[in-house]
Amino acid sequence: MHSLAEIREPLILGEKSYGDITNDVVDPIENKAPKGWYILMAISGIIALYGIGLILYLIGTGIGVWGLNKTVGWAWDITNFVWWVGIGHAGTLISAVLLLFRQRWRMAINRSAEAMTIFAVMMAALFPGIHMGRIWLAYFVFPIPNEFGSLWVNFNSPLLWDVFAISTYFSVSLIFWYIGLIPDFATIRDKVKSPVMKKAYDVLSFGWSGRAKNWNRFEEVSLVLAGLATPLVFSVHSIVSFDFATSVIPGWHTTIFPPYFVSGAVFSGFAMVQTLLLVMRKTMRLESYITIKHIEYMNIVIIVTGSIVGVAYITELFISWYSGVEYESYAFLNRATGKYWWAYTIMMSANVLTPQLFWFKKIRTSLIATFLLAIVVNIGMWFERFVIIVTSLHRDYLPSSWSMFYPTWVDLGIFIGTIGIFLFLFLLFARYFPVLALNELKSILKSNGEKYVKK
Amino acid sequence: MGTTKKYWAGVEEFQQTPGFLESQEKEFNEKIPVEEFLNDERLDSSTTGRRDFLKFLGFSVAAASLAACETPVIKAIPYLNKPEEAIPGMPLWYASSFYDGHDFASVLVKTREGRPIHIKGNKKYGLLKGGINARINSSVLSLYDSERLTHPLKGGEEISWDQADQEIIEAIAAAKSSGKKIRILSNSIISPTTNMAIQGFLTGINGEEGALASHVTYDTVSYSGIRSANNKSFGKSVIPVYRFNKAKTIVSISADFLGNWLMSNDYAVQYGEVRNPDGDWMTRHYQFETLMSMTGSNADYRVAIKPSEEGLVAIAIHNKIASQLGGVKINVDTIAVDEHIDQVVADLIANRGSSLVVSGSNEESIQLVVNKINSLLGNYGSTIDLDNPINLFTGNDEEVSSLVKEMNQGEVAVLMIYGTNPSYSLPNASEFNSGLEKVSTSISFGLYADETGVRTLYNLPDNHYLESWNDFTPISGDYALAQPAISPLYNTRQAQESILKWSGKDQSYYDYIKETWDFYIPEEEGLFTDIWNKALLRGVYHSEKMPAAEWVFNDGSLQGVSASINSISSSAGAWEVVLYQKTGIGDGRSANNPWLQELPDPITKITWDNYFTVSLADAVAMGANIYLGEKDPASLATLVVNGQEMTLPLIPVPGQKSGSVGVALGYGRGGNGERIGKAAYQTGEDGQHIIVNDLPLPVGKNVYPLVNLGNSYTYRQYNAEIAIVEGTYPIALTQTQHTIMDRDSVLRETTLNTYKTEDKEAYNPAHTLPIHVDGKLVQTPVKDVDLWAEHPVEGVGHRWGMSIDLSTCIGCSACVTACHSENNVPVVGKDEIRRARDMHWLRIDRYFTSDMNKEIGDELGLGQVEMYRQMEVPSNNPTTVHMPMMCQHCNHASCETVCPVAATTHSMEGLNQMTYNRCIGTRYCANNCAYKVRRFNWFNYNAYSKFSEVNPAQDSMARMVLNPDVVVRSRGVMEKCSMCVQRIQAGKLDAKKEGEPVKDGAIQTACADACPTHAIQFGDLNDINSNVRKKAKSNLAYLALEEVGTQPNVYYQTKVRNNDNENNA
């Protein structure tokens, strides 16, 4: 029995009924897409093709078309990789961690957030692939029997841990997301009239019948997968941070990275979710489901994780002095005042100052402010990875090797291309997949018979 | 393991019947009715025609592509009669000699399958202890230049040798009869047999009377000042042998004796012998110079002076010595810089008889003063040997000038040009060229149709020195032979053969050499064949040396000196110019050698260009760009001197004297697009030659027109103007940070005094880390703080290691080119170098001192930021360290743990291995290398168009120089120094075949082999008696970045300078 608590605002506004929920989500799929969708698809499609073209150019000609050199072996490639993986963490946290914490507000956002994760991880996985000098031998990283006397891979290497981490992350996220979609596909199948769409969603829903047994298994599996996915939120980005933490380079060699990176990932992920969802809720008229409350809760997560990141920055600065290691202190002085001081400034202001603004209720409940600040956060987080990677490498131990890094148009083009591919995929998702978790939302719909009582 | 039985398919095969042989040719034994099928009319009427057609089409396409996929046929043609010693896969070494008119060296040439691929010094038997420099070991590449002339030419058209000989003999006869002159213009010939051949030729024309025909010697860089000074001082026009290894005090006034002055490759060897802090004594080196030269960067005391002050410094030293040892002062109007002169004089006098004063100026007056100084000090007979002088640099600048006059007056009918390129390097080249037009029969023996060669009527290309027989006597009493290591690649002929032919001799030059040697070697020495074979095997022959005579200095020679030096110093203007030579390019001969163009200059670390060097203070005052890097181009400046204007990029060099400009000779080759080699022309961002006004742009600019034409060529201009102009110029440097930032775990220096008197902790403190042991803080040596288990390397098997002595590394970079040659390292061109993507496995880091360090920063109370900022700026007169850096083969390598596919592993013998075929190119290893010694193949250097003009591996001829023992890496793969593992394996195999353990010194890496001063040494650290083990245990030994815990196998020896105080203040 559900009783209406006066203390909290309802999670679904507008006195919706079960039918309303279904219609609100399935109608955009069934009906013709608005013109804006086609335009955005075209734009993102073109950008995506441009990016793919440049990737082919890179693979065909060589890593030399990027701006890397003998001293700075990684720059935009790994920055982009970590940025995309970080973004992905929000979806998993929302889907899995918040499920285990029984936070019902997650249900309006988890489907699209998880979709965002899938696409972000796909974009992330591109980079370790294309950054290889010989991508056609990428299968060497897999421990499969071979004719080199069966040569194993090097389990000491963080890059190899990345291979396992990212592939595990991708597969678990994909399965979790897809399993959640099955009942919703069935709903769509039952509702749509076009025989082609009916058949398509029938295939996608694996013949879901809605029987109690199905639901039973569904909920058990969801719990198991949530249990599997939760540690991934913490482990995957910790492993990604090991790419740097296990090295000897000053600025990389630090134990603070795992918690720093994980909180940074959730931080940037939630910011990206905000960016996407604020647009999506407006254009698909989902304001009743993705309410100001949801936006506010997500902003609170941003405050928490952003503050952790801010504390981590300050800790790094302190330790660089306290350690007494001249290379470490030079690395941070160089970051703040050297040739890339501008990147450090962007990083600090965007990541440390911005989330603190959300302490003000007015700002954290303002849609415009949230949208703008979320973009600032993502830019800041990109620069954080750039600063970590490039400023640590470009001036390390031996002054004779010091150099600068300058990106080329190929660096830029591929990055923008991945944003294009990501948007393209997300738009496809928004058009053809249920953007809200129908079945879950219906479970938190609080309705009572009051409105039927004649006054 | 097979049997030797052979099984026959049938009688037909056994008997090899014609039918059987025919059937072998056919693909299928049965007859396939192809013809019938295709001619079948039913095909046209078939109802299923379309489908069948597609089937057949698909089949035939598949069959064709399969057929096309067959393995290409590579023909391996075995010897019919195999020479006994020629085993394919095993190298053959020949002793030969290198001489290009400027450097002489005894070399060993490594050939594989009949191709020379590597050159090293003949250290064991060769003259000058086999000392070489970067130009010499890179010369193997010029053998395979596809732009060499392949056959004789007349007027640009092919002509046969016989035809050419005939015409020329006629021309000579015609000239003789018409009373016109015949001249041979050549570089200094130190070959006695060649000289004899020429003499024979000339005598044949001249007979007993007249001098219609003569031989004019022209040196691209002239040292005639020394000869004429010695002639005046001692009555003998010689250049003496200098013994730097007997000099306890060396004073050099602008002589770059380690890099380019006289027999610098010899002096480098000698210098290395006496810079050992553990030796009986260590020489003390004072350098007075304008530019920061490689030699000056190694000096214990260095004073920057203006070129016009060179004579004044010499006179100041002379006068002070004269006042103490008895001599007449030379009066001058201006007093020289007083810094250090007292100390210099005190040291010289204290080491009388074992000191040496030299000058790099070609002014006779300055050389006279230097002679007097050495004479007063009693150095003749000990550190200077006039009795057995060197035979190089016999160029007579006056004769060259008069030849040019004669040519312009139309008096010369036949001119032969051998071993020199006057149309490029003469200061008055335009006059020479106009004179050349008036010579009816001009002949060039050059290997290229170069600046001179395109202007002569005949081009009779000489053999490359690796294809030639020759003999040399660089120093009186010492002889060397050169033998061909490969048959002439093209239809070329040795110039000496031509001379002999035109003298009417029908003898090969080889026979002529043997005949000459037979004639002159005394009978008592033994059987000629034995002597000859031994000389050929070792490359050298020693004859008697002249005993030391009493040399009396003719004081009268000093008469005009005062006036001459006064006039120089009074003519000095605001700016003075010094023309110098770079270590890689030298006088310009090797401008077409991509290895040398890509070799970073030891001081500026700039490749592929020449430029104006000015002092740091001047550059700041002029508002020029001080910081140079990938997107930080140099400012342009225009120099106006002697009525000539020239614009080049402006490079600030710490240590250069304010008010001076330096610019390197040897650039600007091929000004008219002559075919002298692809690497002589500048490439742009796409790697293609830059075309300006339809001509390819040469690398740098030719500054030979700025050479002073006086009685002798001098390389200073005393009155010039220079100013910044608009525009910038991209510069390709391999090093953009020039100071060590006070990181003493990378670089350690001390003074001889400190080393001899104080504890190790004072000059080479051990790295310790504070570790808690039982609640107490214990400073523990780094080696004992270890997460990893010990590899069992100590005492087990080999443990290859190196010792690099910073006291003896002079920065000559011969090791860098040796490494390129041995390991097939690609050349990447200017644009890639600018983008910090050089491929040097071994580099020489050059660090200047800064005025700022942590101590001073603390004292001044500067904040950290400001302190580090100031530390980046070199001092105005810095001291310099050259630090060779290659893969340290760390025992706890940070690169090995991070490769995801285990492409880089550690061998049982201590080497860090790089497995190219496993590498997928993630570059984590390079990122994690604290020493940044790894190099990535960013592009396909072997095929991508950006490298077609610079990388030898892309040239069909030049790729013959590649070492077959070393893989040529593909795109996307990481590479680095392997400690020449191919040599280690070969050495171990040799020892195994002998049945003996590996002897210390038997295996040498290419860099250790090339090093003239033995700064780089390689050996087995587990061999108790090895050199490197002793060095590793020395008090001076340290490991670079020891506290990072990588445990390198390369030990550096702290740099010891022989100066009393720090910062040579």
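User: Why is A:F206 called exposed?
Analyst: A:F206 has a relative accessible area of 60%. Exposed means over 50%, buried under 20% and partly exposed in between, with a 1.4 Å probe and protein chains only. A:F206 is therefore exposed. This is a predicted model, in which local features need pLDDT of at least 70, side-chain atom pairs count only at pLDDT 80 or more, and totals for chains, interfaces and linings use all residues. Residues are numbered from 1 along each chain as its sequence is written, chains are lettered from A and ligands numbered from 1 in the order written, and side-chain values use heavy atoms, without hydrogens and water.

User: Where does A:F206 sit, and what is its phi?
Analyst: A:F206 is in the loop between α6 (195-204) and α7 (212-245) of chain A. Helices (H or I, at least four residues) and strands (E, at least two) are DSSP runs, numbered from the N terminus. Phi of A:F206 is about 55°, a positive value although the residue is not a glycine.

User: What makes B:D742 partly exposed?
Analyst: Its relative accessibility is 26%, so B:D742 falls in the partly exposed class. B:D742 lies in the loop between β31 (732-733) and β32 (749-751) of chain B. Its phi is near 55°, again positive in a residue other than glycine.

User: Why does B:Y924 count as buried?
Analyst: B:Y924 has a relative accessible area of 0%, so it is buried. The residue is in helix α31 (residues 924-928) of chain B.

User: Which residues does B:Y924 touch?
Analyst: Contact means heavy atoms within 4.5 Å. Leaving out residues up to four places away in sequence, B:Y924 touches A:W74, A:P158, A:L159, A:F242, A:D243, A:F244, A:T246, A:S247, A:W252 and B:V898. The C-alpha atoms of B:Y924 and B:T897 are 9.8 Å apart, with their positions 27 residues apart along the chain.

User: Why are α10(A) and α29(B) called roughly perpendicular?
Analyst: Their axes cross at roughly 95° and come within 11 Å. Axes are lines fitted to C-alpha atoms, for helices over the stretch in contact, and angles run from 0 to 180 degrees between N-to-C directions. Angles of 65 to 115 degrees count as roughly perpendicular, under 35 as roughly parallel, over 145 as roughly antiparallel and the rest as oblique. So α10(A) and α29(B) are roughly perpendicular. On the α10(A) side, the contact is made by A:E326, A:S329, A:Y330, A:L333 and A:T337. On the α29(B) side, B:Q864, B:V865, B:Y868 and B:R869 take part.

User: How many salt bridges does the structure hold, and what makes B:E167 and B:K154 one of them?
Analyst: There are 59 over all chains. A salt bridge is a side-chain nitrogen of Lys or Arg within 4 Å of a carboxyl oxygen of Asp or Glu. B:E167 and B:K154 meet at 2.9 Å, N to O. B:E167 is in helix α7 (residues 161-177) and B:K154 in strand β4 (residues 153-154), both of chain B and 13 residues apart.

User: Buried or exposed: what is B:E167?
Analyst: B:E167 has 18% relative accessibility, so it counts as buried. B:K154 has 32%, so it is partly exposed.

User: What separates B:R834 and B:D831 along their helix?
Analyst: About one helical turn, because they are three residues apart in helix α27 (residues 829-834) of chain B. Their side chains form a salt bridge of 3.0 Å, N to O. Both B:R834 and B:D831 are buried.

User: Which parts does the pair B:R983 and B:D1009 tie together?
Analyst: The closest N and O atoms of this salt bridge are 3.0 Å apart. B:R983 lies in helix α32 (residues 981-994) of chain B and B:D1009 in helix α33 (residues 1006-1010) of chain B, so the bridge joins parts 26 residues apart in sequence. B:R983 and B:D1009 are both buried.

User: Why is B:K657 called partly exposed?
Analyst: B:K657 has a relative accessible area of 26%, so it is partly exposed. B:K657 lies in the loop between β24 (644-653) and β25 (660-664) of chain B. Among the residues it touches are B:T290, B:K306, B:E309 and B:D618.
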